[in-house]
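Subject: Structure for you to look at

Hello,

Here is the structure I said I would send over. Please open it alongside the notes below.

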Amino acid sequence: MSAPRKNQLSGSDMPAEQADRPTREEAEAAVRVLLRWAGDDPSREGLLDTPGRVVRAYEEFFAGYDQNPHEILARTFSEVQGYDEMIVLKDIRFESYCEHHMVPIIGRAHVAYLPNKRVVGISKLARLVDAFAKRLQIQEKMTAQIADTLNEVLQPIGVGVILEAAHQCMSTRGVHKAGVAMVTSRMLGSFRDDPSTRREFLSIVGNASAFSVSNT
Ligand SMILES: [Zn+2]
């Protein structure tokens, strides 16, 4: 593998370099080009405000680039009364965007870890998922980024992450297959090595195929 480039994202990376980020006006002009490419007229009344709206929507869709996943997990608690059982946050809905087609990937994440003295506020796990979801992604990479970041920052005994998601690039274009959910997982530490830990996680989360991920 070649050395990662400076603004290539991985679990431990800071947000990409923003030095050559275009201006809002440039981004809106690019939307007008796409509207013309689609065959419409950006100067007609119904589309006049569309470039501005699209650019604002992009600020939401891609808010993850401005977040540092390590910082989200920085504040931990060690007073847990000796709690040493699995912590699971399941059914965390996320909206991400396929890096090949820039269309939504909608699904849920199940995030678990076996603490080693330190725990993190549970909302932070959901924010961690969002920090990686709100970027251009492929599901496999996002799964690894969430698990690896948890592992690096909390240094727990084990980490398990399962993502199940519908990809609109499969349902609205290309092969046009709706109702298909892709399931990815990453197991680290005891979740990888200890079958009983892994079984406990899977039974808490339930059979992945039993979840319905809406494709519409
Ligand atoms: Zn795609």
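Which residues of helix α8 (residues 195–205) are buried? In this predicted model, they are T197, F201 and V205. Viewed down the axis of α8, these buried residues fall within an arc of 65 degrees, so they line one face of the helix. The general background is that an α-helix has 3.6 residues a turn, so residues three or four places apart point the same way.

The buried residues of α8 pack against three strands, β2 (87–98), β3 (104–114) and β6 (158–167), and against helix α7. On the face of α8 turned away from this buried side sit the exposed residues P195, S196, R199 and S203. After α8 comes G206, which has a positive phi, near 90 degrees.

Next, the residue S190. It belongs to helix α7, which covers residues 190–193. Is S190 buried or exposed? S190 counts as buried because it has 20 C-beta neighbours inside 10 Å, and 20 is the number at which a residue is called buried. Leaving aside residues up to four places away in sequence, S190 touches L114, I157, G158 and T197. Of these, T197 is one of the buried residues of α8. L114 lies in the range given for β3, and G158 in the range given for β6. S190 can also be set against P156: the two are 34 residues apart along the chain, and their C-alpha atoms are separated by 9.3 Å.

The other item is a pair of helices, α1 (residues 24–38) and α2 (residues 50–61). In general, two packed helices are described by the angle between their axes and the distance between the axes. For α1 and α2, the axes come within 9 Å and cross at roughly 115 degrees, and the crossing is right-handed. On the α1 side the residues in contact are R24, A27, E28, V31, R32 and L35; on the α2 side they are T50, P51, G52, V54 and V55. By class, the contact of α1 with α2 has six nonpolar, two polar and three charged residues.

Finally, some figures for the whole protein chain. There are eight helices and seven strands. Of the 216 residues, 27% are buried. Taking contacts between residues at least 6 apart in sequence, 70% join residues at least 24 apart.

Regards

How values were computed:
Residues are numbered from 1 along each chain as its sequence is written. This is a predicted model: local features need pLDDT of at least 70, side-chain atom pairs count only at pLDDT 80 or more; totals for chains, interfaces and linings use all residues. Helices (H or I, at least four residues) and strands (E, at least two) are DSSP runs, numbered from the N terminus. A residue is buried if 20 or more other C-beta atoms lie within 10 Å of its own, exposed if 12 or fewer, and partly exposed in between; C-beta atoms are placed from the backbone. Two residues are in contact if their C-beta atoms, placed from the backbone, lie within 7 Å. Axes are lines fitted to C-alpha atoms, for helices over the stretch in contact, and angles run from 0 to 180 degrees between N-to-C directions. A crossing is left-handed if the near helix is turned anticlockwise from the far one by less than a right angle, and right-handed if clockwise. Ala, Val, Leu, Ile, Met, Phe, Trp, Tyr, Cys and Pro count as nonpolar, Asp, Glu, Lys and Arg as charged, and the others, Gly among them, as polar. The arc is that of the directions from the helix axis to the C-beta atoms.
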